[in-house]
Amino acid sequence: MYRIIYMGSSVKLLEENEIDSLLKHSRRSNINNHITGVLLYIVGDFLQVIEGEEDVIISLFEKIKKDSRHKGIICLFSENVKEKQFSDWSMGFHMTNYEKLIKDTGYDTLSRIELANIEDKTASILLNTFIKSNKDSITFW
Ligand SMILES: Cc1cc2nc3c(=O)[nH]c(=O)nc-3n(C[C@H](O)[C@H](O)[C@H](O)COP(=O)(O)O)c2cc1C
């Protein structure tokens, strides 16, 4: 199994219907390709984890990087992993903000720049901690 965690910034604040259509397309395509993961929308910034077969994940990430809806893509984690962490979610989604991210992960400060500079293992831990404490408000279909 392979996992990529990346972040990027939306080129504009997305309307609800734009998020809906992004999720609808992604979820359908992820189910077909046995991809799972979570997308966080943090006031205009995306933080996403995608996991699945290595070649499938790498080629999806190539596509995502070219998507004109976001820019400034930074890969935080890209590694082989033993197993999927989000095997139930074709694309879990949650909208949040940096204050909430700080509160739920125990960081003193956390901005887009700080998040973009964290080390790969830390990115994974941070995301898992946040997702665990928000499990009930993550939408997955
Ligand atoms: C923040 C973000 C996350 C995305 N996540 C996924 C995803 O998990 N799966 C997916 O198939 N497409 C995802 N996309 C869409 C892809 O970038 C691309 O538009 C889509 O895969 C193209 O699909 P097509 O080849 O069927 O036209 C995402 C786009 C953005 C902006």
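Helices (H or I, at least four residues) and strands (E, at least two) are DSSP runs, numbered from the N terminus. Keep that in mind as you work through these exercises on a predicted model.

**Exercise 1. Where is His 34 found, and is it buried or exposed?**

Solution.
- Start with the place: His 34 belongs to the loop between helix 1 and strand 2 (36-42).
- Next, the cut-off: a residue is exposed when its relative accessible area is over 50%.
- His 34 has 61%, so it counts as exposed.
- One more thing to look at is the backbone: His 34 has a positive phi of about 55°, although it is not a glycine.

**Exercise 2. Do the same for Val 43: which loop holds it, and is it buried or exposed?**

Solution.
- Val 43 lies in the loop between strand 2 and strand 3.
- Its relative accessible area is 56%, so Val 43 is exposed.
- Val 43 is not a glycine, yet its phi is positive, at about 30°.

**Exercise 3. Find the ligand. Where does it sit, and which residues come nearest?**

Solution.
- Look at the largest pocket: that's where the ligand sits.
- There are 15 residues around the ligand, and the ones that come nearest are His 25, Ser 29, Asn 30, Lys 63 and Asp 67.
- Now sort the shell by type: 6 residues are nonpolar, 6 are polar and 3 are charged.
- Then sort by element: helix 1 (16-32), strand 3 (45-52) and helix 2 (54-65) each bring at least two residues to the shell.
- Helix 1 gives the most, with 5 residues.

**Exercise 4. Which side chains have a polar atom close to an oxygen atom of the ligand, and how far away is it?**

Solution.
- Recall the cut-off: a polar contact is a pair of N or O atoms within 3.5 Å.
- Asp 67 has a polar side-chain atom 2.7 Å from a ligand oxygen.
- For Ser 29, the distance from a side-chain N or O atom to a ligand oxygen is 3.0 Å.
- For Gln 48, a polar side-chain atom is 3.2 Å from an oxygen of the ligand.
- To finish, check the cover: the ligand exposes 620 Å² when taken alone, and the protein buries 78% of that.

**Exercise 5. Is Arg 27 buried or exposed, and which backbone oxygen does its side chain meet?**

Solution.
- Arg 27 is part of helix 1.
- Its relative accessibility is 6%; buried means under 20%, so Arg 27 is buried.
- A polar atom of the Arg 27 side chain lies 2.9 Å from the backbone oxygen of Thr 139.
- Now compare sequence with space: Arg 27 and Phe 140 are 113 residues apart in sequence, but their C-alpha atoms are 8.5 Å apart.

**Exercise 6. Try Asn 30 and His 70: where is each one, and which backbone oxygen lies by its side chain?**

Solution.
- Asn 30 sits in helix 1, and its relative accessible area of 3% is why it counts as buried.
- A polar atom of its side chain is 3.0 Å from the backbone oxygen of Ser 90.
- Remember, too, that Asn 30 is one of the residues that come nearest to the ligand.
- His 70 is in strand 4 (residues 70-80), and at 8% relative accessibility it counts as buried.
- The side chain of His 70 has a polar atom 2.8 Å from the backbone oxygen of Ile 64.

**Exercise 7. Which helix holds Leu 60, and is this residue buried or exposed?**

Solution.
- Leu 60 lies in helix 2.
- With a relative accessible area of 17%, Leu 60 is buried.
- Leu 60 and Ile 50 are 10 residues apart in sequence, and 8.8 Å separates their C-alpha atoms.

Methods. Residues numbered from 1 in each chain as written. Predicted model: local features only at pLDDT ≥ 70, side-chain atom pairs only at ≥ 80, totals over all residues. Heavy atoms only, no water. Near = heavy atom within 4 Å. Polar contact = N/O pair within 3.5 Å; in protein donor to acceptor, adjacent residues only side chain to side chain. Areas by Shrake-Rupley, 256 points an atom, 1.4 Å probe, with all protein chains shown as cover. 1 Å grid on protein atoms, 1.4 Å probe; cavity = no way out; pocket = protein on both sides within 12 Å on 5 of 7 lines; lining within 4 Å. Sits in = over half its atoms within 2 Å of the grid points. Nonpolar A, V, L, I, M, F, W, Y, C, P; charged D, E, K, R; others polar. Buried < 20%, exposed > 50% of the residue type's maximum accessible area, 1.4 Å probe, protein only.
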